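Me: Could you take a close look at one part of this model for me? I'd like to start from a single loop residue and work outwards from there.

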Amino acid sequence: MQSVVRAASLGQLARASASAVPSASALTKEAPLPAAGPVVVQAPVSSQVRSYHAGNMDVPDFTYYRRSGTKDPTAKSSETAQERMAFSYVMAGGMGLGGAYGAKALVNQFLSTWSASQDVLAMAQIEIKLADIPEGKNMTFKWRGKPLFIRHRTAQEIEECNAVDPATLRDPQADSERVKDAEWLVILGVCTHLGCVPIANAGEFGGYYCPCHGSHYDASGRIRKGPAPLNLEVPYYEFPEEGLLIVG
């Protein structure tokens with residue numbers, strides 16, 4: 001009897017286990033297989049390590065570029081110190097000279113930007129042929145943007161200018177101090193009062209007259225009457241040859 005009960009219980013356990021655990025064929029039918037993706041092949045990684053002490057590493061040779069005094073590893077540095085110091089001094093001196101030359105060129109280039117342009121230099125001087133100016137006449141030229149008076153004085157005008165006592169003038173100056181040749185008077189036609197342009201061969205003294213405020217100058221360009229404080233300016237000029245005048 002006991003054997004029959006034991007067999008029945010074992011049969012029930014077998015049926016229960018069969019219903020609880022699915023079979024392998026059922027798993028195969030129910031679980032879908034994953035889609036096949038691209039196959040990735042990894043390159044083999046080398047684990048070899050190159051070491052200098054093992055002798056398997058190539059080291060570049062710089063012997064060709066080294067100085068002859070430093071090629072011998074057993075030589076003392078004191079034996080080649082003079083040669084190396086001389087080389088260092090030569091290099092330092094060469095670099096210093098090169099730097100000084102470059103600085104000089106830079107300074108010259110900088111200063112040249114401050115110099116006058118070609119058109120200004122062309123107006124720095126003016127040449128005048130004196131034969132074109134008759135005696136007793138005054139001609140006006142443009143020089144550096146200013147009127148330039150050139151007067152061919154007569155003997156009477158020269159005598160009258162020399163007869164004036166400089167001590168009686170507002171701006172004391174003898175006629176001989178204002179001219180290099182007694183026949184020729186070279187002055188700037190700019191009134192010293194407010195910068196007007198005087199009229200030649202006019203005024204009470206036969207020289208120049210500024211109608212703006214009534215300044216009178218004589219035939220030497222000296223102020224004789226009116227508000228002007230100074231004589232007419234005499235620029236730098238010279239006579240390089242007879243009949244030629246250069247102003248500037």
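Reply: Let's start with Asp175, which is found in the loop between α5 and β4 (184–188). Keep in mind that this is a predicted model. Is Asp175 buried or exposed? Asp175 is buried, with a relative accessible area of 4%. Leaving aside neighbours within four places in sequence, the contacts of Asp175 are Arg153, Cys161, Asn162, Ser220 and Arg222. Two of these names are worth following, Cys161 and Arg222.

Take Cys161 to begin with. Along with Glu157 and Ile158, Cys161 is a buried residue of helix α5, which covers residues 155–162. Looking down the axis of α5, you'd find these buried residues within an arc of 100°, so they line one face of the helix. The general background fits on one line: an α-helix has 3.6 residues a turn, so residues three or four places apart point the same way. And what sits on the face of α5 turned away from the buried side? That face carries Ala155, Gln156 and Glu159, which are exposed. As for the cover over the buried residues of α5, strand β3 (146–152) is part of it.

A small detour on the way into β3: the loop between β2 (138–143) and β3 is where you'll find Arg144. Arg144 isn't a glycine, yet its phi is positive, about 55°. Arg144 counts as partly exposed, at 47% relative accessibility.

Back to Asp175 and the other contact to follow, Arg222. Arg222 makes a salt bridge with Asp218, where the closest N and O atoms are 3.1 Å apart. Both of these partners, Arg222 and Asp218, are buried. For Asp218 the relative accessible area is 3%. Asp218 also forms a salt bridge with Arg224, and there the closest N and O atoms are 3.3 Å apart. Salt bridges that share partners therefore join Asp218, Arg222 and Arg224 into one network. Arg224 is partly exposed, with a relative accessible area of 29%, whereas Asp218 is buried.

In the chain the salt bridge count comes to 5. Another of them links the side chains of Glu204 and Lys225, at 2.7 Å from N to O. Why does this pair tie together parts that are apart in sequence? Glu204 lies in the loop between β5 (199–200) and β6 (208–210), while Lys225 lies in strand β8 (residues 223–225), so the pair ties together parts that are 21 residues apart in sequence. Lys225 counts as partly exposed, at 39% relative accessibility.

The loop that holds Glu204, between β5 and β6, is also the place of Asn201. Phi of Asn201 is near 55°, a positive value in a residue other than glycine. Asn201 has 43% relative accessibility and counts as partly exposed.

Now for the aromatic side chains, where the count comes to 4 pairs. One of them is Tyr64 with Tyr65, an edge-to-face pair with 5.3 Å centre to centre and 85° between the planes. Another is Tyr237 with Phe239: the ring centres are 5.7 Å apart and the planes stand at 90°, so this pair is edge-to-face. How do the accessibilities look? Tyr64 is exposed, with a relative accessible area of 72%, and Tyr65 is exposed too, at 67%. Tyr237, on the other hand, is buried at 2%, and Phe239 is partly exposed at 28%.

One more stop is on the surface. Val107, Phe110, Leu111 and Trp114 form a nonpolar patch there, with about 470 Å² of accessible area together. Of these, Leu111 lies in helix α3, residues 81–112, and counts as partly exposed at 44% relative accessibility.

To put the close-up in context, the chain has 5 helices and 10 strands. Of its 248 residues, 22% count as buried, and Asp175 is one of the buried residues. Among the contacts with a separation of 6 or more, 49% come from residues 24 or more positions apart. The chain exposes about 18,100 Å², and carbon and sulfur atoms supply 59% of that.

Methods
Residues numbered from 1 in each chain as written. Predicted model: local features only at pLDDT ≥ 70, side-chain atom pairs only at ≥ 80, totals over all residues. Heavy atoms only, no water. Helix = DSSP H or I, 4+ residues; strand = E, 2+ residues; numbered from the N terminus. Buried < 20%, exposed > 50% of the residue type's maximum accessible area, 1.4 Å probe, protein only. Contact = heavy atoms within 4.5 Å. Areas by Shrake-Rupley, 256 points an atom, 1.4 Å probe, with all protein chains shown as cover. Patch = residues over 30% accessible without salt bridge, like charges linked within 9 Å, V, L, I, M, F, W, Y side chains within 5 Å. Salt bridge = Lys/Arg side-chain N within 4 Å of Asp/Glu carboxyl O. Arc of directions from axis to C-beta. Phe/Tyr/Trp six-rings, centres within 6.5 Å; stacked < 30°, edge-to-face > 60°.
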